Structure formats: structure tokens, C-alpha cells
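Visitor: Can you walk me through this one? Keep it quick.
Guide: Sure. Here it is.

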Amino acid sequence: MGAETGGLEGVATTTMETRSVKQLLQIAAMALLCAAAVFILGIRTRWGQKFGDIALLGRLQSSPELRRGALDVLDTLQASSVVVIGGALVLFALIRRRSRLAGVICVVLFVAIAGAEFLKRTLVRPDFGIDPQGLTNNWAPSGHTTVAISLIFCALMVVPRRMRTVVAVIGALYAAAIASGTLAAGWHRPTDAVMATFWSFAIATVGVALLIAWRGPGTNELAYADRQHPRFRRAGFALAVGLPLFALGASFAIGHDPVVWTQPSSRFIAASIVIDLTAVTSVLVFSKLLEGISLDQPHDAAASR
């Protein structure tokens, strides 16, 4: 009887793992389709380009403090800091004896960042004669947004499960600051940041699927109880969504120029809200995807090698 039960549990576990991998790959494919749709609508159409350029111009009507703050946040992502943070995540995974997770993190970061640079140099932005001089080149997807969100996703993968909510909230705030900061600083159009968010989400999700197929999902998810209080999680997620929008509104409230909703400032605000919500949502959704998957402990000691 015991042998039969063990056999049935093994079949159920294998089915769960297979289903998890398939679902994650389907979600990743949907994210890639969203990235492609954003590029086509925002860059390959005349009205998409016009909206992006007007939003870029509208940033000049925000307060100078917002634009300077955006540059300060973007300066935190220097090449050296990316190497240090990425290396720290890999080292943390190795310290926790998760060698395969460390390898997947390296792959995710390399594919996401190198892939974004390849796409930026390969994809073509049609010239519809509406771009200001010198702004006709393709900037999508945003490299800074890709790096920031990919690092956040990898951090969610490597930290213990009980810490994911805290990391997700902090990461969502940072992701929103970087993504919308590329627009506020005049480095990227709205499409670039949104496309980079979907691109990073897709690559990280494929990375999780690869890890599960390679090593298994870890300890049975039913044996894991969520250690974060629901009220704490709701409050944290509300903060992650509301704080970037509050900062944006405060910037215009203290600015010298009032917001005129028929002028470029309205496009800048609308674009910033979309960017912030996309970045925050991607981090929170990725955190939610990991809830049913324990990357903390493999099924057996051999799986951690």
C-alpha cells in the first residue's frame, strides 16, 4: 500500500512540475507578444511616435527637481554597480548551495541585457517626418530599465521565500523609479521602458521554467505556508503602486508651470503613469508567480548540486 501511495505521489509531483514549466513558458510567450505589440504600436506607427515625442517634450514642464532626481536614480546603475550587484546575487545563491540557481541567474542577466542591446541596434524606427532632428534612431528597449528589472527578478529568485514580499515591494519602487526616470531624464521614450519591462519579465520567467525543468520546483508547495501577514503584503503592494504616482503628482504640484491637460505635460503624466504601473505590476506579478514554486530547497540533496 505504501509503495502504491509513493508511486502515485511521484506521478502527481511529475505532473505538477511539467504543468508548471508549460505554464511559465506560456506566460513568457505572452510577455514577448506584449513587448512586440508595444514596439509595433509605439514605434512602427505614426501616432505612436507622435505620442512618444510629445511625452518626451512634456517632461520639460515638470519640476527641475524631478528631472534631477531622475538622473540621480539612473546614475545608480553604472556598469560597475551592475557587476557588483549581479555578482552578489550569484554569490548569495552559491552560499545557499544553489549552484543551478546561480547558473540560471547568470544566464538570465546575460540574455536579458545582451538581448536588449541587440534589439536596440537591430530594430528599425521608421522615419515619418515627425521626430525632432537627431531623435530618429531607435532606443527600444531601454537598457537601464532592462538591467534594473532583471536584477530585481533575480533577487526575487535567490532570496528565501519569506523575504520575497519585502524584496518585491522595494524592487517595485526601484523599478518604477528607473523606468519612468528614463523618460523624465529625456533618455528614452515611453515605449522603450514599457517594452524593456515586458522583455525582462519574459526572460526571467523562462529562467524560472528552465530551473524547474532542470532541478525541480523544490519542496512541495503545499508544505509551505506564506510567512508574510496578508495585511503587510497588501500595505506593501499599495505603497509600491501609490508612491511613484504620488511623487509624480507632487512634482507638478510644486512646479512653476501648472499642468495644462491639453499640452504636452498631460502626455508626459499619462506616459509616466503607464510606465510606473507596468514596472510595478511586472515585479508584483513575478513575485506572485514564484508563490507556488519553492526555489529554496530541492527535492533531495542531489538536486542541489
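Guide: One term up front: buried means under 20% relative accessible area, exposed means over 50%, and partly exposed is in between, with a 1.4 Å probe and protein chains only. By that rule Asp53 is buried, with a relative accessible area of 11%.

Visitor: What sort of model is it, and how are residues numbered?
Guide: The model is predicted; local features need pLDDT of at least 70, side-chain atom pairs count only at pLDDT 80 or more, and totals for chains, interfaces and linings use all residues. Residues are numbered from 1 along each chain as its sequence is written, and side-chain values use heavy atoms, with hydrogens and water left out.

Visitor: How many helices and strands in the protein?
Guide: The protein has 10 helices and zero strands. Helices (H or I, at least four residues) and strands (E, at least two) are DSSP runs, numbered from the N terminus.

Visitor: And how much of the protein is buried?
Guide: Of the 305 residues, 48% are buried. The accessible surface is about 14,700 Å², and carbon and sulfur atoms hold 67% of that. Those areas come from the Shrake-Rupley method with a 1.4 Å probe; for residues, only the protein chains shown count as cover.

Visitor: What share of the contacts is long-range in sequence?
Guide: Take contacts with a separation of 6 or more: 86% are between residues 24 or more positions apart. Contact here means heavy atoms within 4.5 Å.

Visitor: Back to Asp53. Which residues form a salt bridge with Asp53?
Guide: Arg125 is one of them, with the closest N and O atoms 3.8 Å apart. Arg125 sits in the loop between α5 and α6 and Asp53 in helix α2 (residues 46-58), so this pair ties together parts 72 residues apart in sequence. Arg189 also forms a salt bridge with Asp53, with closest N and O atoms at 2.9 Å. That pair links distant parts of the chain too: Arg189 is in the loop between α7 (164-184) and α8 (190-215), 136 residues from Asp53 in helix α2.

Visitor: What's the cut-off?
Guide: A side-chain nitrogen of Lys or Arg within 4 Å of a carboxyl oxygen of Asp or Glu.

Visitor: Arg125 and Arg189: buried or exposed?
Guide: Arg125 is buried, as is Asp53. Arg189 is buried as well, at 2% relative accessible area.

Visitor: How many salt bridges does the rule give?
Guide: The count comes to three. Glu117 and Lys120 form one of them, with the closest N and O atoms 3.6 Å apart. They are three residues apart in helix α5, so about one helical turn separates them. Glu117 is partly exposed, at 29% relative accessibility. As for Asp53, Arg125 and Arg189, salt bridges that share partners join them into one network.

Visitor: New topic. Which peptide bond is cis?
Guide: The bond joining Ala140 and Pro141, with omega about -5°. Pro141 lies in the loop between α5 (99-122) and α6 (143-158).

Visitor: And which residue has a positive phi without being a glycine?
Guide: Arg97, at about 60°. Arg97 is in the loop between α4 (79-95) and α5. It counts as exposed, at 66% relative accessibility.

Visitor: Why flag those two features?
Guide: Because most residues other than glycine have a negative phi, and most peptide bonds are trans.

Visitor: Last one. Which residues form the nonpolar patch on the surface?
Guide: Ile40, Leu41 and Trp47, with about 350 Å² of accessible area together. Patch residues have over 30% relative accessible area and no salt bridge; like charges are joined within 9 Å, nonpolar side chains (Val, Leu, Ile, Met, Phe, Trp, Tyr) within 5 Å. Trp47 is in helix α2 and counts as exposed, at 59% relative accessibility.
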